[in-house]
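Student: Please pick one small part of this protein and take me through it slowly. I'd like to see how it connects to everything else, and I'll need the jargon spelled out.

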Amino acid sequence: SKEEEIGDDVQNALNSKWVLQWHITPVRDAKVRTHAPKIVELWIERGYRRNRTEIVDPKLMWRDLHQPDLFNKRKLTGSALCPYRLSLFAIRRVTQVKNEDGWDKLNMSLPCPLLTDLNRLLVVRSSLGDDFIFEASCAEESLRIVNSLKMVTARLVSHAVVGHGELMVNEFFNEAYVKGGVQFGTDESR
């Protein structure tokens, strides 16, 4: 059925990771207006229950792939330890840029990056007005990621709005309760 197909597509997205280039947007009123892009790994992190009444919501997460201290010092740093994150509930818009008109329609506070193929850019806009700009390897990959993120966020929010709490938990949250980072009901928690 169509419902099962959508559920399968959502699960595929939740189990995917994408390697993208992150075009960092400067913080408002920042002295440094340009940042070098970073190669990042982007994924959707499932939520979990801390206890019977408290949950940690699912998030879009990404981390730098370049770890200069890993080889010599055997040390992970920065976003490898604490990834960048955006709650899926805080995603207001996900779109593929496509061309300069698409860029202009987004009312971006930045000039259009002319050194890249705009078809490969995707923008994730938060409810706080922050824009996260990622570049895929090709236009087709960008469109696949945009469609996956739209489907996942739409499904999550629709479950929440309609009141399908149990369905939402089953699809978007890890099953076991987590206390202090250890899941109950596993061999590690004993």
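Tutor: Let's start with K38, which is partly exposed at a relative accessible area of 28%. Here, buried means under 20% relative accessible area, exposed means over 50%, and partly exposed covers what's in between (1.4 Å probe, protein chains only). Before we go on, note that this is a predicted model: local features need pLDDT of at least 70, side-chain atom pairs count only at pLDDT 80 or more, and totals for chains, interfaces and linings use all residues. Residues are numbered from 1 along each chain as its sequence is written, and side-chain values use heavy atoms, with hydrogens and water left out.

Now, what does K38 pair up with? K38 forms a salt bridge with D64, and their closest N and O atoms are 3.6 Å apart. A salt bridge is a side-chain nitrogen of Lys or Arg within 4 Å of a carboxyl oxygen of Asp or Glu. K38 belongs to strand β2 (residues 38-45) and D64 to strand β5, so this pair ties together parts that are 26 residues apart in sequence. Helices (H or I, at least four residues) and strands (E, at least two) are DSSP runs, numbered from the N terminus. Unlike its partly exposed partner, D64 is buried, at a relative accessible area of 15%.

Strand β5 leads us to the part I'd like to look at closely: the aromatic cluster formed by W22, W62, Y84, F132 and F134. There are six aromatic pairs in the structure. Rings of Phe, Tyr and Trp (its six-membered ring) pair if their centres lie within 6.5 Å; planes under 30 degrees apart count as stacked, over 60 as edge-to-face and the rest as tilted.

Take W22 and F134. Their rings are stacked, at 6.4 Å centre to centre and with 25 degrees between the planes. W22 sits in strand β1 (residues 17-23) and F134 in strand β9 (residues 131-135), so the pair ties together parts that are 112 residues apart in sequence. Both W22 and F134 are buried.

W62 and F132 pair up too, but edge-to-face: 5.1 Å centre to centre, with 65 degrees between the planes. W62 lies in strand β5 (residues 59-64) and F132 in strand β9, which puts the two 70 residues apart and makes this another link between distant parts of the chain. W62 and F132 are both buried.

Let's zoom in on F132 itself. F132 counts as buried because its relative accessibility is 16%. Who are its neighbours? Leaving aside those within four places in sequence, F132 is in contact with W22, W62, L86, L122, V123, V124 and S126, where contact means heavy atoms within 4.5 Å. T25 is 107 residues away from F132 along the chain, yet their C-alpha atoms are separated by 7.0 Å.

Strand β9 runs over residues 131-135, and D131 has a partner as well: the side chains of R125 and D131 meet in a salt bridge at 2.5 Å, N to O. R125 and D131 are both buried. That's one of seven salt bridges in the structure.

Another one joins R155 and E171, at 2.6 Å, N to O. R155 is in helix α4 and E171 in helix α5 (residues 165-172), so the bridge ties together parts 16 residues apart in sequence. R155 counts as buried at 11% relative accessibility, and E171 does too, at 10%. Add E3, and you have a network of salt bridges linking E3, R155 and E171.

Helix α4 spans residues 139-162 and also holds V162, which is exposed at a relative accessible area of 56%. F89, V157, V161 and V162 make a nonpolar surface patch of about 360 Å².

Back at strand β1, which covers residues 17-23, the charged end of K17 sits over the ring of W43, 5.6 Å from its centre. That label needs NZ of Lys or CZ of Arg within 6 Å of the ring centre and within 35 degrees of the ring normal.

Finally, step back. The protein has five helices and eleven strands, and 40% of its 190 residues are buried. Of the contacts with a separation of 6 or more, 53% are between residues 24 or more positions apart.

Definitions and conventions:
Patch = residues over 30% accessible without salt bridge, like charges linked within 9 Å, V, L, I, M, F, W, Y side chains within 5 Å. Areas by Shrake-Rupley, 256 points an atom, 1.4 Å probe, with all protein chains shown as cover.
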